[in-house]
Amino acid sequence: MAHYPLYIGSSSSLNLFATSNSFRINTGGVDRININSSGNVGIGTTSPGYKLDVSSGSAVGARISTTGFTNLDLVSNRTSGNLGGFRFKQDIDTYQAGEFLGLHGGGFHWKVGDGSASPDIKMALNSVGNLGVGTTSPGSTLEVASITSD
């Protein structure tokens, strides 16, 4: 199926392209936003692999700004395990170097690693507010696991 661009302004200003499988917005001769046949939206990428895939050759960021209250909700319908969180990973690493995960039933796990293996839980906050360092099940307000050597 042929596609016909819609030009807004001159042909190099803003172009909208639609095919049977995708939609893209182009400015200055460069694709800026792409929506593929799976409904994935890409900003800075022509082949988005996620529902929202933001890519850049340099720094990339996101901002939510308001003069009033603002928040970011991460919502999951899972009934056990990790509900979701933030992961920090270099493209060259097999695994993430750090994670901050929300847990079903309340609480959080902070995981740290070097990217070569799945990161370990280093700190845990449970649903009653107990914080554990070196333990995943703190029994008091602050519990620091003792380190023993072989």
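**Exercises on an all-strand chain**

The protein chain has 0 helices and 12 strands. The model is a predicted one.

**Exercise 1.** Describe the order of elements in the protein chain and the share of contacts that join residues at least 24 apart.

*Solution.* Step one: read the elements from the N terminus, which gives β-β-β-β-β-β-β-β-β-β-β-β. Step two: take the contacts between residues at least 6 apart in sequence; 2% of them join residues at least 24 apart.

**Exercise 2.** State how much of the protein chain is buried and what its exposed surface consists of.

*Solution.* Step one: of the 150 residues, 18% are buried. Step two: the chain exposes about 10800 Å², and 54% of this comes from carbon and sulfur atoms.

**Exercise 3.** Find the residues of the nonpolar surface patch, then place I33 in its strand and classify it as buried, partly exposed or exposed.

*Solution.* Step one: the patch is formed by I33, I35, I43, L52, V54 and V60, with about 460 Å² of accessible area together. Step two: at least two patch residues come from each of β4 (30–35) and β6 (52–54). Step three: I33 lies in strand β4. Step four: I33 has a relative accessible area of 31%. Buried means under 20% and exposed over 50%, so I33 is partly exposed.

**Exercise 4.** Determine the volume of the largest pocket and the strand that gives the most to its lining.

*Solution.* Step one: the largest pocket holds about 430 Å³ of space. Step two: its lining consists of Y50, D53, G85, F86, R87 and F88. Step three: strand β7 (residues 82–88) gives the most to this lining, with 4 residues.

Note on methods:
Residues numbered from 1 in each chain as written. Predicted model: local features only at pLDDT ≥ 70, side-chain atom pairs only at ≥ 80, totals over all residues. Heavy atoms only, no water. Buried < 20%, exposed > 50% of the residue type's maximum accessible area, 1.4 Å probe, protein only. Contact = heavy atoms within 4.5 Å. Areas by Shrake-Rupley, 256 points an atom, 1.4 Å probe, with all protein chains shown as cover. Patch = residues over 30% accessible without salt bridge, like charges linked within 9 Å, V, L, I, M, F, W, Y side chains within 5 Å. Salt bridge = Lys/Arg side-chain N within 4 Å of Asp/Glu carboxyl O. 1 Å grid on protein atoms, 1.4 Å probe; cavity = no way out; pocket = protein on both sides within 12 Å on 5 of 7 lines; lining within 4 Å. Points joined across faces, edges and corners; volume = space filled by probe spheres on them.
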